[in-house]
Each structure stands twice: as C-alpha cells, then as structure tokens.
Amino acid sequence: MPSSVIHKYLYFPETEILRIIYQSGAVYEYLQVPAETFERFKTVQSKGRFLNYVIKPKFKYRKIE
C-alpha cells in the first residue's frame, strides 16, 4: 500500500540504520533500529503511523539531505 508520507525506505542491517525518504524529498536516517523493528515496520499497513508512534519516539535520527 502506498504511503502518503513515505516515498521510499532502505534498511542497512550492518549498521542498523533505517533511511526514510519522505514524499517531500527530505531524507532522514533513524539510528540503531534493530532488525526486528524493521521487520515489523515492513509488515504494518500504515508505515507513517508506525514511524510516528514507534520509531520516532524511540530512536535518534539525523537529517541527511
């Protein structure tokens, strides 16, 4: 299901970085995201909601673009 918030996402298991490319073009990296959390993220129907309620409050992030 397409997201109104997220354009694309990438996960780098070796560094536990979740990169989110938003529809606006902004790119953020969420740090130290365990593979288990990413697996849950992939399966949820609303990725934007999961991002807002699970990932953003728990993991540090940085804007890269």
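These legends describe close-up views of a predicted model.

**View 1. The four-stranded sheet.** Four strands form an open sheet in the order β1-β2-β3-β4, and their pairing is antiparallel. Strands β1 and β4 (61-63) are the edges; each pairs on one side only. Neighbouring strands of this sheet are turned against each other by 20 degrees on average, direction ignored. Strands of a sheet pair through backbone hydrogen bonds, either parallel or antiparallel.

**View 2. The β1-β2 pair and helix α1.** β1 and β2 run antiparallel and are joined by six bridges. Within this part of the sheet, Tyr-9 stands opposite Ile-20 in β2. Helix α1 packs on the sheet and touches β1 and β2. The direction of α1 makes about 150 degrees with that of β1.

**View 3. The largest nonpolar core.** This core holds 14 residues. Those that touch the most other members are Leu-18, Ile-20, Tyr-30, Phe-41, Leu-51 and Ile-55. The elements giving two or more residues to the core are β1 (6-12), β2 (17-22), α1 (35-43) and α2. In soluble globular proteins, nonpolar side chains tend to be buried together.

**View 4. The surroundings of Ile-20.** Ile-20 is one of the core residues that touch the most other members. Its contacts are listed here without neighbours within four places in sequence. They include the aromatic residues Tyr-9, Tyr-28, Tyr-30 and Phe-41. Ile-6, Ala-26, Val-27 and Leu-51 are also in contact with Ile-20, as is Lys-8. Tyr-9, one of these contacts, is the residue that stands opposite Ile-20.

**View 5. Lys-47, a buried charge without a partner.** Lys-47 lies in helix α2 (residues 47-58). Is Lys-47 buried or exposed? Lys-47 is buried, yet has no salt bridge. The nearest side chain of opposite charge belongs to Glu-39, 11 Å away. A salt bridge needs a side-chain nitrogen within 4 Å of a carboxyl oxygen, so Glu-39 does not serve as a partner for Lys-47. Residues up to four places away in sequence aside, Lys-47 touches Ile-6, Tyr-9, Phe-41 and Lys-42. Two of these, Ile-6 and Tyr-9, are also in contact with Ile-20, and so is Phe-41.

**View 6. The salt-bridge network across the strands.** A search of the whole structure finds three salt bridges. Which residues are linked in a network of salt bridges? They are Arg-19, Glu-29 and Arg-62. Arg-19 pairs with Glu-29, with the closest N and O atoms 2.5 Å apart. This pair links distant parts of the chain: Arg-19 is in strand β2 and Glu-29 in strand β3, 10 residues apart. Glu-29 also forms a salt bridge with Arg-62, where the closest N and O atoms are 2.8 Å apart. Here too, distant parts of the chain are linked: Glu-29 in strand β3 and Arg-62 in strand β4, 33 residues apart. Glu-29 counts as buried because its relative accessibility is 5%. Arg-19 is partly exposed at 23% relative accessibility. Arg-62 is partly exposed as well, with a relative accessible area of 39%. Side chains of opposite charge can pair when their charged atoms come close.

**View 7. The salt bridge within helix α1.** Glu-39 forms a salt bridge with Lys-42; the closest N and O atoms are 3.3 Å apart. Both residues lie in helix α1, three residues apart, about one turn of the helix. Glu-39 is partly exposed, with a relative accessibility of 40%. Lys-42 is partly exposed too, at 36% relative accessible area. Lys-42 also touches Lys-47, whereas Glu-39 is the nearest side chain of opposite charge to Lys-47.

**View 8. Two loop residues with positive phi.** Glu-16 and Gln-32 are the subjects of this view. Glu-16 has a positive phi of about 55 degrees, although it is not a glycine. Where is Glu-16 placed? Glu-16 sits in the loop between β1 and β2. Glu-16 counts as partly exposed because its relative accessibility is 32%. Gln-32 is not a glycine either, and its phi is positive at about 60 degrees. Gln-32 lies in the loop between β3 (27-30) and α1. With a relative accessibility of 60%, Gln-32 counts as exposed.

Key. Residues are numbered from 1 along each chain as its sequence is written. This is a predicted model: local features need pLDDT of at least 70, side-chain atom pairs count only at pLDDT 80 or more; totals for chains, interfaces and linings use all residues. Side-chain values use heavy atoms; hydrogens and water are left out. Buried means under 20% relative accessible area, exposed over 50%, partly exposed in between (1.4 Å probe, protein chains only). Lys and Arg count as positive and Asp and Glu as negative; His and the chain ends are not counted. Contact means heavy atoms within 4.5 Å. A nonpolar core is a set of buried Ala, Val, Leu, Ile, Met, Phe, Trp, Tyr and Cys residues joined through side-chain atoms within 4.5 Å. Two strands pair if DSSP finds at least two bridges between them. Axes are lines fitted to C-alpha atoms, for helices over the stretch in contact, and angles run from 0 to 180 degrees between N-to-C directions.
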